[in-house]
Amino acid sequence: MNIGILGSGDVGRTLGAGFAAGGHDVRLGTRSPDRDDLQTWASDTGATVTTFNDAAAFGHILVLAVGWDGVENAIRLAGRDHFAGKTILDATNPLDFSDGTLRLAVHGEDSSGERVQAWLPDAHIVKCFNTVGADQMVNPELEGGPPTMFIAGNDDGAKKTAAEVLDAFGWEAVDLGGIEMSRHLDALAIIWITHAMRAKSRNHAFKLLTD
Ligand SMILES: NC(=O)c1ccc[n+]([C@@H]2O[C@H](COP(=O)([O-])OP(=O)(O)OC[C@H]3O[C@@H](n4cnc5c(N)ncnc54)[C@H](OP(=O)(O)O)[C@@H]3O)[C@@H](O)[C@H]2O)c1
């Protein structure tokens, strides 16, 4: 499978490395493909570092892993047409630290997933990977695992693809329904981050217990 990763931060590099280790062809998009650290990452993982546009054109599945303030611009640089009909794994969190407290930049009857779906109406957005730290996204090693990744999106086929990716990465996917459930996944990310700050640890994830 061709995978296009949009974003060169911890999330993009972690998921890109995970897909590459699983035998997929990975292109990671950034505004600075020549950066030394990214080229080193590419030679370590076997992935390619390229532009947002090339990564988006290449991927059958795309991962959106851009800081919230840059998402609209990254989509513009990637080229909207390159998203049409594809499964987009949206890991973004609309975080706002502007007044020194952690809050959501998008809230109420709105969310990051709904915004991205509105910007890309022909794409199949699946909100996922946003409720855990990058370090645990691929093959999480936690007591009582595998942990649960809650997902949300409007297209059942895209959510099935996301669930297969999550299974390969050591997660149980739980489908919460349509993309509007991203409102609650954005909020759940705040809970993950708040616990990380209070516990001074990033080694935690959510688990849905059932009988
Ligand atoms: N870090 C985590 O543990 C974690 C966990 C769950 C979810 N998330 C969410 O996942 C997303 C990525 O997080 P991250 O920590 O990997 O990286 P990040 O530092 O939040 O974002 C880095 C990426 O955003 C791009 N970017 C920033 N401003 C841009 C702009 N104006 N135009 C185009 N691109 C822009 C950068 O592009 P360049 O490559 O060109 O610099 C880079 O690829 C965020 O929304 C974050 O909230 C993070």
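Biologist: Which residues have the most contacts inside the largest nonpolar core?

Modeller: This is a predicted model: local features need pLDDT of at least 70, side-chain atom pairs count only at pLDDT 80 or more, and totals for chains, interfaces and linings use all residues. Residues are numbered from 1 along each chain as its sequence is written. A nonpolar core is a set of buried Ala, Val, Leu, Ile, Met, Phe, Trp, Tyr and Cys residues joined through C-beta atoms within 7 Å. The largest one has 53 residues, and those with the most contacts inside it are Leu-6, Leu-64 and Leu-89.

Biologist: Which helix gives the largest share of this core?

Modeller: Helices are DSSP runs of H or I, at least four residues long, and strands are runs of E, at least two, numbered from the N terminus. The largest share of the core is 5 residues, and these come from helix 1 (residues 10-21).

Biologist: What does Leu-89 contact beyond its sequence neighbours?

Modeller: Contact means C-beta atoms, placed from the backbone, within 7 Å. Neighbours within four places are left aside. The partners of Leu-89 are then Ile-61, Val-63, Leu-64, Val-126, Cys-128, Phe-129, Ala-162 and Val-165.

Biologist: Is Val-63 buried or exposed?

Modeller: Val-63 sits in strand 4 (61-64). The cut-offs count other C-beta atoms within 10 Å of a residue's own: 20 or more is buried, 12 or fewer exposed, in between partly exposed, with C-beta atoms placed from the backbone. Val-63 has 28, so it is buried.

Biologist: Which residues surround the ligand most closely?

Modeller: A residue is near the ligand if its C-beta atom, placed from the backbone, lies within 6 Å of it. The shell has 24 residues. The closest are Gly-9, Val-11, Thr-30, Arg-31 and Gly-70.

Biologist: Which element gives the most to the shell around the ligand?

Modeller: Two elements give two or more residues: helix 1 and helix 4 (71-78). The top contribution is 3 residues, and it comes from helix 1.

Biologist: How many residues of the shell around the ligand are charged?

Modeller: Asp, Glu, Lys and Arg count as charged; Ala, Val, Leu, Ile, Met, Phe, Trp, Tyr, Cys and Pro as nonpolar; the others, Gly among them, as polar. The shell has 8 nonpolar and 13 polar residues. The number of charged residues is 3.

Biologist: Which residues does Thr-14 touch?

Modeller: Thr-14 lies in helix 1. It is buried, with 21 other C-beta atoms within 10 Å. Its C-alpha atom is 9.0 Å from that of Gln-136, 122 residues along the chain. Not counting residues up to four places away in sequence, Thr-14 touches Ala-134, Met-137 and Val-138.

Biologist: Why is helix 5 (residues 112-119) largely enclosed, and which of its residues are buried?

Modeller: Of its 8 residues, 6 are buried, so the rest of the structure largely encloses helix 5. Those residues pack against strand 4, helix 4, strand 5 (87-90), strand 8 (124-127), strand 9 (148-153) and helix 7 (182-199). The buried ones are Ser-112, Gly-113, Glu-114, Arg-115, Val-116 and Gln-117.

Biologist: How far apart are the end C-alpha atoms of helix 7?

Modeller: The expected span is 1.5 Å times one less than the number of residues. For the 18 residues of helix 7 this gives 26 Å. That agrees with the model, where the ends are separated by 25 Å.

Key. Two residues are in contact if their C-beta atoms, placed from the backbone, lie within 7 Å.
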